[in-house]
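Hi there,

Here is the structure I promised to send over. My notes follow below it, so have a look and then read on.

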Amino acid sequence: MAGATLLSGVVAAGLGTAGMVSSASGAPTGVDGTQVVADLNPLNNSGVTGKAKVVVDGRKLHVKLNAHRLEPGLPHAQHIHFGKQALNECPNVEMDANGDFRLTTAEGQPAYGPVRVSLTERGDTSADSTLAVNRFPTAPDGHIHYERHTRTKQFVANGIKRGNAVVVIHGVDYNNNGEYDFRSAGRSELDPALPAEATDPATCGVLRLK
Ligand SMILES: [Cu+2]
């Protein structure tokens, strides 16, 4: 009898603690910000994998990104995509609208939405820098190790905090000749002056709450 009373006391205390934790985590922003993480998975048979982490505090972002098996020595545009109308997911082969066995950046837009943050190494990080080719990492030895503090718009920060934003790294050398050229995939629909190899997505991951 005494044991049963003790046990029910422990259960009640446990529920009380759980209730407190959940109400604390439901607060608008913690002191240290909200952390979201992504596992990056290959698109377009690139073999590129990686991990990304973003800590959001108000409009401030602290971004860390590591990726591997990228085409070395070439610029890799990398962004945080988010769209209120998007699926907030990575694209799959069914989104290859024209059936050419390539997923272009435009074909992926219904999944991940437009560019909101350009993960450049210096200067502007807005969507204005979507194709700022000379400010993106060039993946020496196929690796990107990236860290940057920046800011974004409030609605974008809110989308990231809700777990709805998507990290995408672009650049696929389909014909493995060590450069972006027009031979294998033609022109980019984002900028016809660029080969599609420079802008097609290589890897993608949804930034989810832990
Ligand atoms: Cu992108």
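R183 and E179 are joined by a salt bridge between their side chains, at 3.4 Å from N to O. Please keep in mind that this is a predicted model. R183 counts as exposed because its relative accessible area is 65%, while E179, at 38%, is partly exposed. Elsewhere, D100, R102 and D200 are joined into one network by salt bridges that share partners. The count for the model comes to 5 salt bridges.

Another of these pairs is K51 with D39, whose side chains come to 2.6 Å, N to O. The two residues sit in distant parts of the chain, with K51 in strand β2 and D39 in strand β1, 12 residues apart. K51 is exposed at 53% relative accessibility, and D39 is partly exposed at 45%.

Back to the network for a moment. In the salt bridge between D200 and R102, the closest N and O atoms are 2.8 Å apart. D200 lies in the loop between α4 and β8, and R102 in the loop between β4 and α2 (105-112), so this pair ties together parts that are 98 residues apart in sequence. Are these two residues buried or exposed? Buried means under 20% relative accessible area. D200 has 0%, so D200 is buried, and R102 is buried too because its value is 14%.

D200 also has plenty of company from elsewhere in the sequence. Leaving aside neighbours within four places, D200 is in contact with N44, R102, L103, T104, T105, H170, G171, V172 and Y174.

One residue in that list, H170, brings us to the metal. The copper ion has three protein donors: H79 through ND1, H81 through NE2 and H170 through NE2, lying 2.0 Å from the ion. Along the sequence, the donor residues follow the spacing H-x1-H-x88-H. H81 belongs to strand β4 (residues 78-81) and H170 to strand β7 (residues 166-170), so to speak a link between distant parts of the chain, 89 residues apart. H81 and H170 are both buried.

One last residue to look at is N45, in the loop between β1 (34-42) and β2 (49-57). N45 counts as exposed because its relative accessibility is 81%. The C-alpha atoms of N45 and T203 are separated by 9.2 Å, although the two residues are 158 residues apart along the chain.

Happy to go through any of this with you.

Best wishes

How values were computed. Residues are numbered from 1 along each chain as its sequence is written. This is a predicted model: local features need pLDDT of at least 70, side-chain atom pairs count only at pLDDT 80 or more; totals for chains, interfaces and linings use all residues. Side-chain values use heavy atoms; hydrogens and water are left out. Contact means heavy atoms within 4.5 Å. Helices (H or I, at least four residues) and strands (E, at least two) are DSSP runs, numbered from the N terminus. Buried means under 20% relative accessible area, exposed over 50%, partly exposed in between (1.4 Å probe, protein chains only). Donors are N, O and S atoms within 2.8 Å of the metal (3.2 Å for Na, K and Ca); water is not among the atoms, so sites may look incomplete. A salt bridge is a side-chain nitrogen of Lys or Arg within 4 Å of a carboxyl oxygen of Asp or Glu.
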